Structure formats: structure tokens, C-alpha cells
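These are my notebook entries on a single protein model, kept in the order in which I looked things up. I wanted to go from one helix to its surroundings, then to the aromatic rings and the open space.

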Amino acid sequence: MIVDIGTILECSIDEAIAHVKSPRLLEFVAAPLVRFVPVSPLVFPEAWSAGKYLVSLRLLGVVPFGKQAIVISMSPSETGFSLRDAGYSAIVNTWDHLISITPHGSDCYYRDRVEVHAGLLTPFIWLFAQLFYRHRQRRWRALVKKDFDYGSSV
């Protein structure tokens with residue numbers, strides 16, 4: 001099943017790309033619904049690079065929800081930028097998340113497209129993903145409005 005949600009971010013494409021490459025952004029936009037605790041490596045890098053990162057998931061920041069592989073690849077292009085997480089876990093066979101950022105006037109268009117496969121749990125995981133990505137984009141917009149001040153954004 002697929003989740004496909006987009007929003008306008010009132011910032012430059014360069015700002016959006018710089019922040020989407022940061023694990024700090026992931027932690028911010030996921031909070032407080034999900035917390036990602038690095039397992040391997042034990043700390044997140046300053047910036048994502050292509051590769052595999054193993055995390056422990058915590059729902060609502062505290063409830064253990066297993067481990068997930070985040071498998072990062074990136075593709076800059078003349079029309080924008082994309083970051084893919086070809087993730088998976090013991091519960092979710094496929095969590096293929098494609099982030100794309102393209103120009104939209106002086107702002108940018110940010111899109112989350114996620115394909116999930118989790119056997120019989122797929123409809124439930126899909127419903128969670130619908131809520132989660134809407135929450136993420138709301139947090140993104142709030143962060144942009146606060147000029148990327150991670151400490152004072154909602």
C-alpha cells in the first residue's frame with residue numbers, strides 16, 4: 001500500500017535539502033510519535049550518507065517497537081533532490097520511503113511517498129504511516145516558520 005503526501009515549505013530548496021540530510025531533522029519531525037534510537041552505529045552521523053543504519057523504534061518516545069533498518073540513498077538532479085530510505089524490519093518487510101524536494105517559486109515542494117508491505121498487518125501499518133507522515137509534514141512546516149530553530153519549534 002502507498003502513502004503519498006506533499007506540502008509547500010516556505011524556504012529555499014537548498015535549505016530544505018540541507019535539513020533533510022540531517023538525522024536531527026528526522027528526530028525532530030518524528031517527535032513525539034516515534035523516537036529513533038541509534039543501534040548501529042551507536043550515534044547518528046551529522047549528515048546522512050548512503051548506507052544502512054539500524055535503529056530501535058520507540059512509539060510515543062518510550063514504548064519499544066522493535067528494530068528497523070534505515071537504508072539511505074540520495075539522488076540530486078537538475079530539478080531537485082531525492083532521498084530514499086529502503087527500510088525494513090521484522091514486522092514490516094518493505095518501508096520504501098522516497099522524499100523528493102523540488103522548486104516551487106521561491107519556496108519548495110516537499111513530498112513523502114511511502115510504500116509499505118507487512119503481510120496481514122499492511123492496512124494497519126499503512127494507516128499509521130498516513131498519520132505519521134501528515135504529522136511529520138506539520139512539524140516540518142512549523143520548523144520552517146521558526147527559521148529552523150529546533151529548540152523553540154512545536
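The entries below take up a helix, three of the residues around it, the ring pairs and a pocket.

**Entry 1, the model and helix α2.** I note at the outset that this is a predicted model. I began with helix α2, which spans residues 23-30, and found it mostly covered, with six of its eight residues buried. The buried ones are Pro23, Leu25, Leu26, Phe28, Val29 and Ala30. Looking for what lies over them, I found that the cover includes α1 (13-20), β2 (34-40), β4 (63-77) and α3 (122-145). At the N-terminal end of α2, I recorded Ser22 as a cap, since a side-chain oxygen of Ser22 lies 3.0 Å from the backbone nitrogen of Arg24.

**Entry 2, Leu26.** I next took Leu26, which is found in helix α2, and asked whether it is buried or exposed. Its relative accessible area is 14%, and because buried means under 20%, Leu26 counts as buried. When residues up to four places away in sequence are not counted, Leu26 touches Phe36, Trp48, Ile70 and Arg136. I also looked up the separation of Leu26 and Phe44, which are 18 residues apart along the chain, and found 11 Å between their C-alpha atoms.

**Entry 3, Arg136.** Arg136 came up among the contacts of Leu26, and I located it in helix α3. Is Arg136 buried or exposed? At 5% relative accessibility it falls under the 20% cut-off, so Arg136 counts as buried. Leaving aside neighbours within four places in sequence, I listed its contacts as Leu26, Val29, His97, Ile99, Tyr110 and Asp112. Another arginine that I looked up, Arg139, lies over the face of Phe28, at 3.9 Å from the ring centre.

**Entry 4, His19.** His19 has its place in helix α1, and at 18% relative accessibility I counted it as buried. Which side chain does His19 join through a polar contact of 2.8 Å? The partner is the side chain of Tyr150. With neighbours within four places in sequence left aside, the contacts of His19 are Leu25, Trp140, Phe148 and Tyr150, and of these Leu25 is one of the buried residues of α2.

**Entry 5, aromatic rings.** I then searched the whole structure for aromatic pairs and obtained eight. One of them is formed by Phe44 and Trp48, which are edge-to-face, 5.3 Å centre to centre with 70° between the planes; both Phe44 and Trp48 are buried. Trp140 and Phe148 also form an edge-to-face pair, at 6.4 Å centre to centre and 85° between the planes, and both of these residues are buried. I noted too that Trp95, Phe128, Phe132 and Tyr133 form one aromatic cluster.

**Entry 6, the largest pocket.** My last search was for open space, and I found about 480 Å³ in the largest pocket. Which residues lie nearest the centre of the largest pocket? They are Phe36, Gln68, Trp95, Phe132 and Tyr133, out of 30 residues that line it; I had already written down Trp95, Phe132 and Tyr133 as members of the aromatic cluster. Going through the lining by element, I found that α2, β2, β3 (51-59), β4, β5 (80-89), β6 (94-104) and α3 each supply at least two residues. The largest share, six residues, comes from β4, which I had also listed among the elements covering the buried residues of α2.

Terms used
Residues numbered from 1 in each chain as written. Predicted model: local features only at pLDDT ≥ 70, side-chain atom pairs only at ≥ 80, totals over all residues. Heavy atoms only, no water. Buried < 20%, exposed > 50% of the residue type's maximum accessible area, 1.4 Å probe, protein only. Contact = heavy atoms within 4.5 Å. Polar contact = N/O pair within 3.5 Å; in protein donor to acceptor, adjacent residues only side chain to side chain. Phe/Tyr/Trp six-rings, centres within 6.5 Å; stacked < 30°, edge-to-face > 60°. Lys NZ or Arg CZ within 6 Å of the ring centre and 35° of its normal. 1 Å grid on protein atoms, 1.4 Å probe; cavity = no way out; pocket = protein on both sides within 12 Å on 5 of 7 lines; lining within 4 Å. Points joined across faces, edges and corners; volume = space filled by probe spheres on them.
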